[in-house]
Every structure is written in structure tokens, then in C-alpha cells.
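Could you work through a few short exercises on a protein model with me? Keep the viewer open beside the text as you go.

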Amino acid sequence: MKTVISTDQAPAAIGPYSQAVSSGGLLITSGQLPIDPSTGLFPEGIEAQTRQSLRNVQAILRAAGLDMAQVLKTTVFLSDMNNFNAMNQVYSDFFDQNGFPARSAVEVARLPKDALVEIEVIAAR
């Protein structure tokens, strides 16, 4: 059985998908674009966009009764791998350095709304 997770503290889905689903103790988020849910806009630059994407992830986790310490795996999609180091600096602030989750980071040809970054996570209770 799956439970749909939704919060107005993160951007609403822009298509036929859920912000996240939970089943059997796992939570899987959809990719979180760096949309500020209060304005509907992206901040400028890779650092600010990474921070906003991760804040959106945090909001979804909170809605499910979880936090960043329970994230097992992340996938980071970058529009330009030259932004990897700057993304990584911000990313590291959101996780306990003694328990970083597993991660993949890939460059993609294009992200929705021409975002610089999109981040999805898998977390467990």
C-alpha cells in the first residue's frame, strides 16, 4: 500500500505525479526543482538553487514525519557538471558529515523550466 505525501511548503507537482510516496517504511520523493513555493520562482545561481531544492526536500520529509538524517540515497541532476563543486558545497550543509547518504550526480541535457539543479531522495523510517 502506498501513501501520497503532499505539502504546501514545497512546490506543487507540475504534472501527473506526487511530491512523494511512502510505502513499507520508505519514502521516495519526486525530483525537487528549486522553486520557492511562496513565489513560484527560482532563485539565481547554482548555490541558491541547490539550497532551495534541498529546502523543498526537507519540507516533504517533514510532512512525512522524517528529516534529512533519514535520507538513504539522493540523486542530483545538474544542467552543467561545471556546477558540481558549487552544488556540493551547499549540499554538504544539509547532511551530517558522519552519515552522508549514498548519492549519484549526473549532468542532463535540460531540466524542467531550465533549472540548474533538481534533487530527489529516498528516505527510510
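The exercises below deal with a predicted model, and each comes with a worked solution.

**Exercise 1. Check the span of helix 1 against the distance between its end C-alpha atoms.**

Step 1. Helix 1 covers residues 46-63, which makes 18 residues.
Step 2. The rise is 1.5 Å a residue, and the expected span is 1.5 Å times one less than the number of residues, so helix 1 should span 26 Å.
Step 3. The end C-alpha atoms of helix 1 are 26 Å apart, in agreement with that expectation.
Step 4. Look just past the helix, too: Gly 65 has a positive phi of about 80° there.

**Exercise 2. Trace the sheet and find its edges.**

Step 1. Six strands form an open sheet with mixed pairing, and their order is 1-2-3-6-4-5.
Step 2. Strand 1 and strand 5 (102-107) each have a single partner strand, so they stand at the edges, and one side of each has no neighbour in the sheet.
Step 3. From one strand to the next, the twist averages 15°.
Step 4. Now zoom in on one pair: strand 4 and strand 5 run in the parallel sense, joined by six bridges. Within this pairing, Val 76 has Ala 105 of strand 5 as its bridge partner.

**Exercise 3. Which parts of the structure cover the buried residues of helix 1?**

Step 1. List some of the buried residues of helix 1: they include Ile 46, Leu 54, Asn 56, Val 57, Ile 60 and Leu 61.
Step 2. Their cover includes strand 1 (3-5), strand 2 (20-23), strand 3 (26-29), strand 4 (71-78), helix 2 (84-92) and strand 6 (117-124).
Step 3. Compare this with the way helix 1 is laid down: it lies across strands 1, 2, 3, 4 and 6, at about 30° to strand 6.

**Exercise 4. Is Ser 30 buried or exposed, and what does its side chain reach?**

Step 1. Find Ser 30 in the loop between strand 3 and helix 1.
Step 2. The cut-off for buried is under 20% relative accessible area; Ser 30 has 18% relative accessibility, so it counts as buried.
Step 3. The side chain of Ser 30 reaches the backbone oxygen of Ser 18 at 2.5 Å. Ser 18 is also one of the residues that Ser 30 touches, including Tyr 17, Gln 19 and Ile 119.
Step 4. Ser 30 and Val 57 are separated by 27 residues in sequence and by 9.1 Å in space, C-alpha to C-alpha.

**Exercise 5. Describe the surroundings of Asn 56.**

Step 1. Asn 56 belongs to helix 1.
Step 2. With a relative accessible area of 1%, Asn 56 is buried.
Step 3. Its side chain reaches the backbone oxygen of Ile 35 at 3.1 Å.
Step 4. Residues that Asn 56 touches include Gln 9, Pro 11, Leu 33, Pro 34 and Pro 37.

**Exercise 6. Which element gives the most to the largest nonpolar core?**

Step 1. The largest nonpolar core has 26 residues, and Leu 27, Leu 54, Leu 61, Met 68, Val 71, Val 76 and Phe 95 have the most contacts inside it.
Step 2. Helix 1, strand 4, helix 2 and strand 6 each supply at least two residues of this core.
Step 3. Helix 1 gives the most to this core, with six residues.
Step 4. Apart from this core lies another, of five residues, among them Leu 33, Ile 35, Phe 77 and Ala 115.
Step 5. To finish, select Leu 54, which touches Met 68, Tyr 91, Phe 94, Phe 95 and Ile 119.

Terms used: Residues are numbered from 1 along each chain as its sequence is written. This is a predicted model: local features need pLDDT of at least 70, side-chain atom pairs count only at pLDDT 80 or more; totals for chains, interfaces and linings use all residues. Side-chain values use heavy atoms; hydrogens and water are left out. Helices (H or I, at least four residues) and strands (E, at least two) are DSSP runs, numbered from the N terminus. Buried means under 20% relative accessible area, exposed over 50%, partly exposed in between (1.4 Å probe, protein chains only). Contact means heavy atoms within 4.5 Å. Two strands pair if DSSP finds at least two bridges between them. Axes are lines fitted to C-alpha atoms, for helices over the stretch in contact, and angles run from 0 to 180 degrees between N-to-C directions. A polar contact is a pair of N or O atoms within 3.5 Å; within protein, one must be able to donate a hydrogen and the other to accept it, and residues adjacent in sequence count only if both atoms are side-chain atoms. A nonpolar core is a set of buried Ala, Val, Leu, Ile, Met, Phe, Trp, Tyr and Cys residues joined through side-chain atoms within 4.5 Å. Lists of a residue's contacts leave out its neighbours within four places in sequence.
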